[in-house]
Amino acid sequence: MLALTARSLYTPLEQIDRPLVVVEDGVVVTVGSRSDHEIPGKAKLLDFPDNILTPGLVDIHIHGAAGFDVMQADAEGRSRIEKFLATRGVTSYFPTTVTAPIDIILRALEQLADGIERATMDSPRAQPLGIHLEGPFLSHARRGVHPPENLLAPTLANFDRFWQAARGQIRVMTIAPELDGATELIAEATKRGVSISIGHSDADLKAARAGVAAGAHHATHTFNAMRPLDHREPGIIGEVLSNPALTADIIADGIHVHPEVVRLFLQAKGPERAVLITDATAAAGMPDGKYWLGSLEVDVKDGKCLHGGTLAGSVLTLDRAVRNAMKFAAWDLPQVLRTATLNPATVTNAAKKGRIEPGADADLVVLTSDGQVRATITKGVRAGS
Ligand SMILES: [Zn+2]
């Protein structure tokens with residue numbers, strides 16, 4: 001049994017000063033104010049008098065970290081990614097595939113499904129909650145670095161091959177809604193419990209709205225790999241920013257999107273509907289050099305990942321995205337926290353809810369008031385102890 005106390009706690013919707021969190025068998029059993037609750041005698045006490053307790057961070061778009069790519073990594077590689085993520089406050093993630101030759105995607109999906117089904121929490125590490133299939137159902141015009149020869153038509157038959165290989169562990173899919181057949185696939189995948197995110201898309205307003213009507217409710221790395229906003233032809237970005245039924249994510253590294261536009265995005269979507277992602281590659285947490293992104297080689301220099309001169313993922317970590325969002329938008333920590341905990345968990349309809357409450361897994365982060373990670377606890381186990 002573990003008891004945690006701190007200066008304050010964000011659930012993240014509520015703030016509790018001088019909180020007490022009691023954890024038993026990896027699960028939160030008590031959340032409240034210290035003045036209302038006794039610390040159980042048999043509990044080991046972890047006291048953070050100057051810090052803030054928050055839910056663990058949830059990254060729904062990440063391709064790798066610590067030198068490993070999620071499509072290439074074996075169990076050891078995945079474990080290295082997961083341990084690294086825990087040091088950055090991330091307790092759950094959705095390993096994200098990129099477009100590649102179909103056999104490579106199918107093999108990666110099988111391996112990732114293994115990792116999800118056999119997730120063990122022997123040591124503090126981020127837990128994979130489901131797969132994010134980013135591609136191959138993307139627009140040729142807005143493919144970014146996704147190889148054009150491997151993009152596929154969004155047919156149910158194509159999707160089914162991925163679904164079978166992943167044994168139903170696909171939980172998020174990025175798709176361009178304007179492609180022929182996309183709305184039918186969006187409707188079917190939604191029925192199977194996949195969260196549909198529109199992105200890598202050249203959709204005009206009408207096509208974007210058709211995707212939403214079919215079941216899409218989120219948008220992938222807003223502004224990047226999207227038809228640009230035009231004030232007379234608003235297109236997909238006009239729909240993403242103005243429709244309150246849509247949540248949307250953004251890469252807040254200051255490279256993919258200018259800080260002022262990150263601010264504009266956060267103001268448009270608000271703390272209820274914005275989500276921070278990293279889109280990190282294997283290079284996250286590593287020095288400059290050459291790394292893999294699926295079957296593509298990327299060059300990393302001065303924190304920029306490039307493939308043939310085009311941005312190819314990031315070296316961003318989610319704790320830094322939180323600090324950047326606070327700076328870019330002048331938002332306070334509880335507002336930004338929602339966008340990296342509760343919101344991504346809700347968007348993906350994940351088994352973990354991204355909040356601190358009785359009955360939830362004890363996935364917790366101890367932060368300084370400016371968002372630096374002091375400690376991470378996954379299912380009641382503290383990283384680095
Ligand atoms: Zn990506």
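Strand 9 (residues 90-97) is mostly covered in this predicted model, since eight of its eight residues are buried, where buried means under 20% relative accessible area, exposed means over 50% and partly exposed lies in between (1.4 Å probe, protein chains only). Helices (H or I, at least four residues) and strands (E, at least two) are DSSP runs, numbered from the N terminus. Residues are numbered from 1 along each chain as its sequence is written, and side-chain values use heavy atoms, with hydrogens and water left out. Because the model is predicted, local features need pLDDT of at least 70 and side-chain atom pairs count only at pLDDT 80 or more, while totals for chains, interfaces and linings use all residues.

Strand 9 has several partners, two strands being counted as paired if DSSP finds at least two bridges between them. Strand 6 and strand 9 run parallel and are joined by four bridges, with L57 standing opposite V90 in strand 9. Strand 9 also pairs in the parallel sense with strand 10 (residues 127-128), over two bridges, and here S92 stands opposite Q127 in strand 10. The pairing of strand 9 with strand 11 is likewise parallel and has two bridges, and T96 stands opposite H132 in strand 11.

Strands 6 and 11 also contribute to the zinc site. The protein donors of the zinc ion are H61 (NE2), H63 (NE2), E134 (OE) and D279 (OD), which lie 2.0 to 2.4 Å from the ion; donors are N, O and S atoms within 2.8 Å of the metal (3.2 Å for Na, K and Ca), and water is not among the atoms, so sites may look incomplete. The angles among the four donor atoms run from 81 to 168 degrees, and the site is irregular. Under the criteria applied, four donors count as tetrahedral if all angles lie between 85 and 135 degrees, four count as square planar and six as octahedral if opposite donors are over 155 degrees apart and all others between 65 and 115, and anything else is irregular. Along the chain, the donors follow the spacing H-x1-H-x70-E-x144-D. H61 lies in strand 6 (residues 57-62) and E134 in strand 11 (residues 131-134), so this pair ties together parts that are 73 residues apart in sequence. H61 counts as buried because its relative accessibility is 0%, and E134 counts as buried at 1%.

A nonpolar core is a set of buried Ala, Val, Leu, Ile, Met, Phe, Trp, Tyr and Cys residues joined through side-chain atoms within 4.5 Å. The largest such core holds 100 residues, of which L85, M173 and L276 touch the most other members. Helix 8 (residues 318-329) provides the largest share of this core, seven residues. Apart from this core lies another, of 17 residues, among them L2, A6, V28 and L46. When neighbours within four places in sequence are left aside, the residues in contact with M173 (heavy atoms within 4.5 Å) include H132, L133, F137 and F159.

Four further strands form an open sheet in the order 17-18-19-20, with antiparallel pairing. Strand 17 (289-293) and strand 20 (310-311) stand at the edges, each with a single partner strand, so one side of each is left without a neighbour in the sheet. Strand 18 (residues 296-301) and strand 19 (residues 304-307) are paired in the antiparallel sense over three bridges, and L306 in strand 19 is the bridge partner of D299. The side chain of D299 also meets that of K290 in a salt bridge (2.7 Å, N to O), a term that stands for a side-chain nitrogen of Lys or Arg within 4 Å of a carboxyl oxygen of Asp or Glu. D299 counts as partly exposed at 40% relative accessibility, whereas K290 counts as exposed at 56%.

A search of the whole structure finds 16 salt bridges. One of them joins the side chains of R192 and D160 (3.0 Å, N to O). R192 lies in the loop between helix 4 (182-191) and strand 13 (195-198) and D160 in helix 3 (residues 156-165), so the pair ties together parts that are 32 residues apart in sequence. R192 is partly exposed, with a relative accessible area of 24%, and D160 is partly exposed, with 25%. In another salt bridge, between K352 and D363, the closest N and O atoms are 2.6 Å apart. K352 is buried at 12% relative accessibility, and D363 is buried with a relative accessible area of 8%. Finally, D114, E117, R118 and R167 are joined into one network by salt bridges that share partners.
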